[in-house]
Amino acid sequence: MFYETNINRLPLVFKSNEGKNYFQFHINGQLASLEYDMVKDHCINLKRLEISKYLNRIEVGNALIERVMEYSIRGEFKIIPANPQIIKFLKKRPEYQKLIASEIEAIKRS
């Protein structure tokens, strides 16, 4: 986790807007959000990451993804990484590899 910064103290916000779901951080009036869909009740399809240009996109993006991974562990969810930045994040962190849903799991649950 990002122990050197205050980013770990930010609340993870869940938001729905116009039929879309988001995990979000609000930082000094700026927004970082990760769009997702639930596949059945056990898989989270992580789709689109958007971070304000006024934020450190790499640090904030990685912190948001990491917080979602920790949420997934606690909720026993599998992850479907449909975003290049999320895939890159997961390749560098073997501790989260167990969260990735296999194609068979995703199909069965859809």
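**A five-strand sheet with helices packed on it**

In this predicted model, S4 and S5 run parallel and are joined by four bridges. One residue pair to look for here is Cys43 and its bridge partner in S5, Lys78. Helix H1 packs on the sheet and touches S1, S2, S3, S4 and S5, with its direction at about 160° to that of S4. H2 packs on the sheet too, touching S3, S4 and S5, and its direction makes about 125° with that of S5.

Stepping back to the whole sheet, it is open, has five strands in the order S1-S2-S3-S4-S5, and shows mixed pairing. Strands S1 (13–17) and S5 (78–81) sit at the edges with a single partner strand each, so one side of each has no neighbour in the sheet. On average, neighbouring strands are turned by 35° against each other, direction ignored. Along the sequence, the protein chain reads β-β-β-β-α-β-α-α, which comes to three helices and five strands.

As for the interior, the largest nonpolar core has 26 residues, and Phe23, Phe25, Leu34, Leu46, Leu64 and Met69 have the most contacts inside it. At least two core residues come from each of S2 (20–27), S3 (30–39), S4 (43–51), H1 (57–75) and H2 (84–91). H1 gives the most, with six residues. Phe23 makes a good starting point for a look around: leaving aside neighbours within four places in sequence, its contacts include Leu12, Phe14, Leu34, Leu46, Leu64, Val68 and Tyr71.

Across the 110 residues of the protein chain, 41% count as buried. The accessible surface is about 6800 Å², with 51% of it belonging to carbon and sulfur atoms.

How values were computed:
Residues are numbered from 1 along each chain as its sequence is written. This is a predicted model: local features need pLDDT of at least 70, side-chain atom pairs count only at pLDDT 80 or more; totals for chains, interfaces and linings use all residues. Side-chain values use heavy atoms; hydrogens and water are left out. A nonpolar core is a set of buried Ala, Val, Leu, Ile, Met, Phe, Trp, Tyr and Cys residues joined through side-chain atoms within 4.5 Å. Buried means under 20% relative accessible area, exposed over 50%, partly exposed in between (1.4 Å probe, protein chains only). Contact means heavy atoms within 4.5 Å. Accessible areas come from the Shrake-Rupley method with a 1.4 Å probe; for residues, only the protein chains shown count as cover. Two strands pair if DSSP finds at least two bridges between them. Axes are lines fitted to C-alpha atoms, for helices over the stretch in contact, and angles run from 0 to 180 degrees between N-to-C directions.
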